[in-house]
Amino acid sequence: MVSSIFLQRELRLLARQKADWLNPLLFFIIVLSLFPLGVGPEPNMLRIIAPGVIWIAALLSVLLASERLFKDDYRNGVIEQLVAGRQSLLAFVLAKTFANWLSTGLPLLLLSPVVALLLGLEQAALGAMALTLLLGTPLLSLLSVMGSALTMAADKGGILLALLILPLYIPLLIFASSAIEAASMGLGYQGQLAILLAMLLLALALVPMAVTSALRINVS
Amino acid sequence: MFKWLDPYAKSETLYHFCGKLLPYLMVSALALLLLGNIWGLAFTPADYQQGDSYRIIHIHVPSAIMSMGAYAAMASAAFVALIWQIKVAHWAVLAIAPIGATYTAIALITGMAWGKPMWGAWWVWDARLTSELILLFLYLGVIALNGAFSDRQVGAKVSSLLALIGVINLPIIHFSVEWWNTLHQGASITKFARPSIDPSMLWPLLISILAFAVLLMALTCLRLRTAILVNEQHRPWVRKLVGGQ
């Protein structure tokens, strides 16, 4: 109940500030199109580097979207009110995370066929990419919400957020790109997907608690 | 136990306690370091396969073990600081972080120097090396996060929280050689089984590990004392101590 009110609020904010989520998407496409220009449009080469390139672009665009996640709410006192009031901070965090995923992760998932076209991925690898994005982008959202909550009140948040969060993205990057790679070679990739799912569930259980305590610390 | 520990949450008591420990820790760290390293580097037999180049183990393994030990200590301090709201524990977190980062860097650099002759490459992207690199980033993240806030107290709390979150990396580093087929070898010293390393090489190694541990404690005491003085500079006892007006 409370969660849905928070979610409505988040979605309304997103609808009014379209640049907050459209720009990261544009950024994703642009980064992806830079690679063929940078390393040369050789199809075989592109196919080899595609898994890593897709995921690095995804990480960076989610990172870009997460910088301002809590900044406005912090500045105009919303978070202070939530901490002081008796509303569930956890519901707020979950709504924030879900809205973040809806506005950044889901569009990446929907864009993935276009991406496959750009980089010349095969049919089999396309499915693997969609599945890794499905499991991986919620994890990205959780981690970036956490980073954003930690750096909420910091003076120089932007670059610091990248320094904190990018190392935490590394395990995800390894398993996701290795799943796509295995798929494009015609191998099974259930193992990598299982690990991605395990990481997602673990993060889902622990990260919201870390975020709520980060929010409390920042307004105390 | 809490009754016994409680007075040390007070900065003045802790300052003097660290001061009392410091000379003993420093002297024994130096003695152990000299003993372990000279014994290990000069007087142990050469390895049948790796020749003399294996001797870097006497620096690589202690620094790697203690890079994780320092993180565990830092995270414990962070836990205490956040749960019981103890200020000095926050300062302990920040006292340990640069030492741990240095140990991690030493472990990585000596590992590279060892990897070049043995594996033929300075760096390979296997799980042990990658997770140790992430450990270095976590240390640097804790340091950087602390410096980013204009309110020092919030900075200390937030960086403690990050230290606590990063604990997830410790089991990953430890088990990385078992979970993945890594180029990095498995553990040679285990508590329960017979170690797969000859006693003549084992003893200096154990002494070196102990030396790095004691050095960690000594440096932490030193840095914690400085942190207490800086943070409590307006308190009367500090003013009296430094002979100010």
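In the predicted model, helix 4 (87–119) of chain B packs against helix 8 (residues 199–231) of the same chain at an angle of about 130°, the two axes lying 8 Å apart. Helix 4 of chain B is therefore oblique to helix 8 of chain B, since an angle must be over 145 degrees to count as roughly antiparallel. The crossing of this pair is right-handed. On the side of helix 4 of chain B, the contact is formed by B:Val88, B:Trp91, B:Ala92, B:Leu94, B:Ala95, B:Ile96 and B:Ile99. These residues meet B:Leu216, B:Leu219, B:Thr220, B:Arg223, B:Leu224, B:Ala227, B:Ile228 and B:Asn231 of helix 8 of chain B. Classified by residue type, the contact comprises twelve nonpolar, two polar and one charged residues.

Helix 3 (residues 57–84) of chain B has 28 residues. At 1.5 Å a residue, this helix should span 40 Å, and the separation of its end C-alpha atoms, 40 Å, therefore agrees with the expected value. Helix 3 of chain B is followed by B:Gln85, a residue in the loop that leads to helix 4 of chain B. The phi angle of B:Gln85 is near 55°, a positive value in a residue other than glycine. B:Gln85 has 12 other C-beta atoms within 10 Å and is therefore classed as exposed, the limit for that class being 12 or fewer.

Further along chain B, B:Trp179 belongs to helix 7 (residues 169–179). With 11 other C-beta atoms within 10 Å, B:Trp179 is likewise exposed. The C-alpha atom of B:Trp179 is separated by 40 Å from that of B:Arg152, the two residues being 27 apart along the chain.

In chain A, helix 3 (residues 43–66) packs with both helix 2 and helix 6. Helix 2 (residues 19–39) of chain A and helix 3 of chain A meet at an angle of about 155°, with axes 9 Å apart; these two helices are therefore roughly antiparallel to each other. Their crossing is right-handed. Helix 2 of chain A contributes residues including A:Trp21, A:Phe27, A:Phe28 and A:Phe35, and helix 3 of chain A contributes, among others, A:Met45, A:Ile49, A:Leu60 and A:Leu64. The residues of this contact divide into 19 nonpolar, one polar and one charged.

Helix 3 of chain A and helix 6 (residues 89–119) of chain A also pack at about 155°, with their axes 11 Å apart. That angle makes helix 3 of chain A roughly antiparallel to helix 6 of chain A, and the crossing is right-handed. From helix 6 of chain A, the residues in contact are A:Asn100, A:Thr104, A:Leu108, A:Val115 and A:Leu119, while those of helix 3 of chain A include A:Ala50, A:Ile54, A:Val62 and A:Ser66. This contact has ten nonpolar, four polar and no charged residues. A:Leu46, A:Val53, A:Ala58, A:Ser61 and A:Ala65 of helix 3 of chain A take part in the contact with helix 2 of chain A and in that with helix 6 of chain A.

The contact between the two chains takes 16 residues from chain B and 16 residues from chain A. On the side of chain B, the elements giving two or more residues are helix 5 (127–147) and helix 6 (152–165). The largest share, seven residues, comes from helix 5 of chain B. The residues of chain B that touch chain A divide into twelve nonpolar, three polar and one charged.

Definitions and conventions. Residues numbered from 1 in each chain as written. Chains lettered and ligands numbered in written order. Predicted model: local features only at pLDDT ≥ 70, side-chain atom pairs only at ≥ 80, totals over all residues. Axes fitted to C-alpha atoms, helices over the stretch in contact; angles between N-to-C directions. Helix = DSSP H or I, 4+ residues; strand = E, 2+ residues; numbered from the N terminus. Parallel < 35°, antiparallel > 145°, perpendicular 65-115°, else oblique. Left-handed = near helix turned anticlockwise from the far one by under 90°. Contact = placed C-beta atoms within 7 Å. Nonpolar A, V, L, I, M, F, W, Y, C, P; charged D, E, K, R; others polar. Expected span 1.5 Å × (residues − 1). Buried ≥ 20, exposed ≤ 12 C-beta atoms within 10 Å, placed from the backbone.
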